[in-house]
Amino acid sequence: MNAPTFRVISVELYERPVTLRIPFRFGAATVTHAPQAFVRARIRLTNMASAGSESQGASAELMIPKWFDKSPQKSNAENVSDLRTALGNAADAYSSDTSAYTAFGHAAAHYRALLSTAEAAGINALAASYGPSLVDRAILDALCRGLAMSFGAAIRANVPGIEASLTPDLAGFDLGCFLRGLEPRVRIAARHTVGMLDPIDKHDASTGGGDGLPETLEQVIALYGNRYFKLKLGGDPDSDIRRLARIAAILEGLPEYAITLDGNEQFADAATIVEFWRKVAATPSLARLAAATLYLEQPLPRALALETEITKAARAKPLLIDESDATLAAFPAARALGYSGASSKSCKGLYKSLLNAARCALWNRSIPGRYFLSGEDLTMQAGLAVQQDLALASVLGLSHVERNGHHYVNGFAGQGADAAEQQRFLSAHPDLYATSHGSVRLAIRDGSIALRSLDLPGFASGAEPTWTTLEPMHQRATTHEESRLQ
């Protein structure tokens with residue numbers, strides 16, 4: 001089918017506070033609470049048999065401080081304010097543009113201007129991408145609902161109209177053929193995050209949960225059955241080795257497991273990465289953990305990462321970019337320096353994930369299996385956020401994805417969702433959620449997550465939040481109708 005075109009009629013922004021049950025550390029910063037953003041968008045089709053019909057879609061994501069911008073000059077509140085501004089900029093741009101585009105066309109039309117607007121306001125490219133990433137998901141949800149198509153079916157048929165105008169390195173690559181060949185998964189393994197503050201065993205001090213949910217790594221494994229783990233590093237080889245040895249002792253009881261390591265921009269330079277791998281190899285108690293390690297994520301600060309040759313550092317294990325993946329030009333630049341992977345995160349844009357996956361397919365023609373995407377989390381919360389991110393990971397064919405939102409927040413209750421909202425999501429997605437510990441929560445059974453209920457009209461959700469319980473965001477976009485009244 002030809003990609004449908006439509007106008008964005010309105011974009012509404014809301015939020016509600018979320019309190020973490022245990023603190024989470026991003027690099028050198030610790031987070032205990034953050035607001036979650038919600039977007040509701042309405043579109044009007046222009047080139048289909050049903051031209052003139054309208055539909056509505058939604059998206060959500062936590063506004064987490066100290067990941068998008070780790071500058072010590074900005075407070076947590078200033079970080080969140082930047083994300084609100086990025087959302088407001090995107091909502092205004094999309095809803096004030098009276099042109100009809102495809103879903104991808106809307107993203108492409110505003111991509112460069114939104115980066116420039118954010119830069120002028122002192123907002124970096126990673127934070128700037130947060131705004132359009134949410135608006136793109138909401139309008140794609142509206143489009144899928146209007147066409148009665150699931151997200152997976154829409155992507156495979158290229159209903160969004162994805163093309164290479166923003167990625168000239170993909171010119172000549174058959175994106176339609178690539179998308180048709182994607183095979184969504186019906187289950188995906190949950191990769192558990194062990195944060196820098198997270199207790200490892202019963203000898204560690206409690207981090208303050210006190211709600212009966214797991215705190216230690218031992219408890220997590222006992223309840224969820226995880227076999228994939230993401231271990232945060234601090235960038236000091238000696239202290240990291242000591243901590244990894246403690247974790248390895250816990251994992252020794254598992255018949256098999258896989259590890260990813262996250263440097264969170266904490267390594268000083270490429271030489272420190274080489275030293276870290278040397279010490280890992282020289283530590284007998286880490287032999288099994290080292291063999292089970294798949295890759296090291298974003299070891300260098302973003303200011304250095306795309307200016308530093310890391311081929312030698314990548315000889316032990318593949319390296320991938322995460323925080324440095326701020327624009328569509330980042331992955332090719334990283335590849336030239338020796339990186340072989342990039343992370344898929346909804347907050348960076350679903351089209352970026354799909355285009356980077358296409359790059360991997362293209363590049364792997366000459367070196368099969370070398371280039372890859374990983375599925376990473378930003379404390380995705382139960383509801384729209386986790387469902388849309390899981391659907392994206394599924395259509396990309398990822399076998400495992402980092403999930404940590406359910407560990408740091410107690411499901412819908414931790415978000416302040418009312419009982420009716422919780423029940424709606426549970427009823428719509430009985431394989432994805434279960435009731436425990438006073439909340440409807442993400443269900444992880446035998447280390448994996450069931451995804452079948454996400455295959456329904458719309459972008460992976462058969463329910464919506466209780467909109468009347470959300471707070472309007474102070475940088476709310478105007479609609480076309482309101483613009484005419486001003």
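A residue is termed buried when its relative accessible area is under 20%, exposed when over 50%, and partly exposed in between (1.4 Å probe, protein chains only). The structure is a predicted model, in which local features need pLDDT of at least 70 and side-chain atom pairs count only at pLDDT 80 or more, whereas totals for chains, interfaces and linings use all residues. Residues are numbered from 1 along each chain as its sequence is written, and side-chain values use heavy atoms, with hydrogens and water left out.

Cysteines were examined at the outset. Cys-144 is buried, its relative accessible area being 1%. Cys-177 is partly exposed, with a relative accessible area of 43%. A disulfide is defined as a pair of cysteine sulfur atoms within 2.5 Å, and by this rule zero disulfides are counted. Cys-177 is accordingly in no disulfide; the nearest cysteine sulfur, belonging to Cys-360, is 16 Å away.

Internal space was then assessed. Rolling a probe the size of a water molecule over the atoms shows where empty space is left. A cavity is a set of points, on a 1 Å grid over the protein atoms alone, where a 1.4 Å probe fits but cannot get out, and its lining residues have an atom within 4 Å of a point. Grid points are joined across faces, edges and corners, and a volume is the space filled by probe spheres set on the points. Five cavities of 30 Å³ or more are present, and the largest cavity has a volume of about 240 Å³. Its lining comprises 20 residues, of which Ala-107, Tyr-111, Pro-132, Asp-136 and Lys-348 are the closest to the centre. Helices (H or I, at least four residues) and strands (E, at least two) are DSSP runs, numbered from the N terminus. Two or more lining residues come from each of α2 (103-120), α3 (125-147) and α12 (350-363), with α2 giving the most, six residues.

Two of these helices were described further. The expected span of a helix is 1.5 Å times one less than its number of residues. For α3, with 23 residues, the distance from the first C-alpha to the last is 33 Å, close to the 33 Å expected. Burial is extensive in α3, as 20 of its 23 residues are buried. At the N-terminal end of α3, Asn-124 acts as a cap, with a side-chain oxygen 3.2 Å from the backbone nitrogen of Leu-126. Ala-148, just after α3, takes a positive phi of about 55 degrees. The end C-alpha atoms of α12 are 20 Å apart, in agreement with the 20 Å that its 14 residues should span. Twelve of these 14 residues are buried, so α12 is largely enclosed by the rest of the structure; among them are Leu-350, Cys-360 and Trp-363.

Positive phi values also occur within loops. Thr-379, in the loop between β10 (372-375) and α13 (384-395), has a phi near 50 degrees and is buried at 2% relative accessibility. Ala-460 lies in the loop between β14 (448-450) and β15 (471-472); its phi is positive, at about 70 degrees, although the residue is not a glycine, and its relative accessible area is 0%.

A buried side-chain contact was examined last. Thr-260 belongs to strand β6 (residues 258-262) and is buried, with a relative accessible area of 0%. Its side chain is joined to that of Arg-191 by a polar contact of 3.2 Å. A polar contact is a pair of N or O atoms within 3.5 Å; within protein, one must be able to donate a hydrogen and the other to accept it, and residues adjacent in sequence count only if both atoms are side-chain atoms.

Notes:
On a 1 Å grid over the protein atoms alone, a cavity is a set of points where a 1.4 Å probe fits but cannot get out, and a pocket is an open set with protein on both sides within 12 Å along at least five of seven lines; lining residues have an atom within 4 Å of a point.
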